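Colleague: I'm new to this one. Could you walk me through how to read it?

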Amino acid sequence: MSKNCNMIKDLLPLYADDVCSEESRKAVEEHIKECSDCKNELEKLRKNVSVSPQKDAEVLKRIKSRLRIEKLIVGIISVLAICGALFLGLIYLINTDKSMDMEKYKIIDNVSVTEHDGALWLNVKGAASSFVSLSPTISDTDGNHMGYDKGFDREKKNGFGVTLKQRKIDSFEFYPRASSKCFEQKLFDIGEKEDIVKLFYYDDVNNKEYVLWERDSND
Ligand SMILES: [Zn+2]
């Protein structure tokens, strides 16, 4: 390896990229005619140079496919999130009750209270759908609704309220023709709850109530 070789090897990368001066180019070309070592070095460099655009394309392709995969993952996560939200919404609709509107469901015509066998019974005309539940609520004698708070002071309250509830997702109708068949539910034994003097239906949609039963003053 001549002293010249070192100088030429410094120039080879510039020569391979075709960015060296005319003088350097000539010097390199003259040298490699006689020096197989430097010629080999140049060929190696040229291979790398010629390979590089292909490499770039490969890198770009890899980046693109990675981006595509990331997009796909984000898409899948979004879809799952939306499905989850819809599912929770449905669960909410199924599990949330609403009071039955007194006017819409003609509660006065369809719901009554009867007294027999020493107890009070709630009667609902027609086939009450299984989605309807009764929520006893507590109110005072004047009919003021006391809410569903279980921590109420029993000593001071002497009313009893009931409200028919249905799931938000369901629609419910009373069947007028089935009026002979009543859905009956025992509320309580009259003797057991002497403090209760009034029983009424409470509609918390319209904040209205109507009296279903009042204790006789003779009782
Ligand atoms: Zn050389």
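Modeller: Sure, let's start with the overall order: along the sequence, the pattern runs α-α-α-β-α-β-β-β-β-β-β-β. That adds up to four helices and eight strands, where helices (H or I, at least four residues) and strands (E, at least two) are DSSP runs numbered from the N terminus. Keep in mind that this is a predicted model, where local features need pLDDT of at least 70 and side-chain atom pairs count only at pLDDT 80 or more, while totals for chains, interfaces and linings use all residues. Residues are numbered from 1 along each chain as its sequence is written, and side-chain values use heavy atoms, with hydrogens and water left out.

Colleague: Which residues are the protein donors of the zinc ion?

Modeller: Donors are N, O and S atoms within 2.8 Å of the metal (3.2 Å for Na, K and Ca); water is not among the atoms, so sites may look incomplete. Here they are Cys5 (SG), His31 (NE2), Cys35 (SG) and Cys38 (SG), at 1.8 to 2.5 Å from the zinc ion. In sequence, their spacing reads C-x25-H-x3-C-x2-C. Cys5 sits in helix H1 (residues 3-16) and Cys38 in helix H3 (residues 36-95), so this pair, 33 residues apart, links distant parts of the chain.

Colleague: Are Cys5 and Cys38 buried or exposed?

Modeller: Buried means under 20% relative accessible area, exposed over 50%, and partly exposed in between (1.4 Å probe, protein chains only). Cys5 counts as buried because its relative accessibility is 2%, and Cys38 is buried too, at 0%. Across the protein, buried residues make up 31% of the 219 residues.

Colleague: How do I read the packing of H1 and helix H2?

Modeller: Two packed helices are described by the angle between their axes and the distance between the axes. Axes are lines fitted to C-alpha atoms, for helices over the stretch in contact, and angles run from 0 to 180 degrees between N-to-C directions. H1 and H2 (residues 22-34) pack at about 120°, with axes 10 Å apart. That makes H1 oblique to H2; angles under 35 degrees count as roughly parallel, over 145 as roughly antiparallel, 65 to 115 as roughly perpendicular and the rest as oblique.

Colleague: And which residues make the contact?

Modeller: Contact means heavy atoms within 4.5 Å. On the H1 side, Cys5, Ile8 and Leu12 are among them, and on the H2 side, Ala27, Val28 and His31 are included. Cys5 and His31 also serve as donors to the zinc ion.
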